[in-house]
Structures are given as C-alpha cells and as structure tokens.
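Reader: Please walk me through this model at an easy pace. I will ask about a few residues, and you can explain the terms as they come up.

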Amino acid sequence: HDLPNRVMWTITLSISVLVGLTNFFMVNIDWRISTWKFKTTQLATNNMGVGGGILVLIAFATVLAAFAASLVCFLSPVCAGSGIPEAKGYLNGNCVAGMYEVPN
C-alpha cells in the first residue's frame, strides 16, 4: 500500500476506538438486561413465592435463548459455530461466503 503513515495510524486508532465503544455498549446492554431480569425475578419471588420466581426466571431464560438462537438461524447462519476459523480465514485474506451479508 502507498498510504501515508498518518492515514495508517488514523485507521488503526479509529478501529481500536470503535471496538472499545462497541464493547462498552455491549457490556452496558448486557448489564441492563441482567439487572432487569433479576429485579423482575425478585419481584415475582416476593409476590408469588419461590415457585413464581423460578417460573419467571425460566421464562426469561427461554425468551433470551430463543432470541439469540433466532438471530443465528435467520440473520447470520455463518455465526453458528465459534466463528474463530471463519474470522481467522477472513483476516488472512480468504473469502468467507456470506460472512457479512444480510440474507434476503
């Protein structure tokens, strides 16, 4: 490549900042969902007893697992495994079919 050094450093630093921001937002969303789940479960336990709390916790786990599974099945089936071989192959310059495509 014939890009100037400042452009390469700008790209490198921009990518690291974007990855950090993505991680921050993912952890923040995860924390909010977990807090909401456990507050709701505690409220159900206080109002309906331990059995009601367990049922609410099972319902939350089922809905969140179904949501995650539907993302993989319908949005990006390439992500069904760990994704490490595909990511390594892509970073090594190989074409991984369907890795960054939204299905029709």
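Author: Happy to! Helices (H or I, at least four residues) and strands (E, at least two) are DSSP runs, numbered from the N terminus. This is a predicted model, in which local features need pLDDT of at least 70 and side-chain atom pairs count only at pLDDT 80 or more, while totals for chains, interfaces and linings use all residues. Residues are numbered from 1 along each chain as its sequence is written, and side-chain values use heavy atoms, with hydrogens and water left out.

Reader: In which helix is V7 found?

Author: Buried means under 20% relative accessible area, exposed over 50%, and partly exposed in between (1.4 Å probe, protein chains only). V7 has a relative accessible area of 27%, so V7 is partly exposed. As for its place, V7 is found in helix α1.

Reader: How far apart in space are V7 and I33, C-alpha to C-alpha?

Author: I33 is also found in helix α1, which covers residues 5-75. I33 counts as partly exposed because its relative accessibility is 35%. V7 and I33 are 26 residues apart in sequence, and their C-alpha to C-alpha distance in space is 39 Å.

Reader: And how far apart in space are L75 and E101?

Author: L75 lies in helix α1, and with 43% relative accessibility L75 counts as partly exposed. L75 and E101 are 26 residues apart in sequence, and C-alpha to C-alpha in space they are apart by 9.0 Å.

Reader: About how much accessible area does the nonpolar surface patch have together?

Author: Patches are made of residues with over 30% relative accessible area and no salt bridge; like charges are joined within 9 Å, and nonpolar side chains (Val, Leu, Ile, Met, Phe, Trp, Tyr) within 5 Å. A salt bridge is a side-chain nitrogen of Lys or Arg within 4 Å of a carboxyl oxygen of Asp or Glu, and accessible areas come from the Shrake-Rupley method with a 1.4 Å probe, where for residues only the protein chains shown count as cover. The patch is formed by V17, L18, L21, F24, F25, I29, I33 and L64, with a joint accessible area of about 750 Å².

Reader: How are the rings of W36 and F60 arranged?

Author: Rings of Phe, Tyr and Trp (its six-membered ring) pair if their centres lie within 6.5 Å; planes under 30 degrees apart count as stacked, over 60 as edge-to-face and the rest as tilted. The whole structure has two aromatic pairs, one of which is F24 with F25, edge-to-face at 5.3 Å centre to centre and 70° between the planes. For W36 and F60, the centres are 4.9 Å apart and the planes stand at 90°, so this pair is edge-to-face.

Reader: Is F60 buried or exposed?

Author: Its partner W36 counts as exposed, at 54% relative accessibility. F60 has 14% relative accessibility, so F60 counts as buried.

Reader: Which residues is G53 in contact with, leaving aside its neighbours within four places in sequence?

Author: Contact means heavy atoms within 4.5 Å. G53 is buried because its relative accessible area is 3%. Leaving aside neighbours within four places in sequence, G53 is in contact with T41, A44 and T45.
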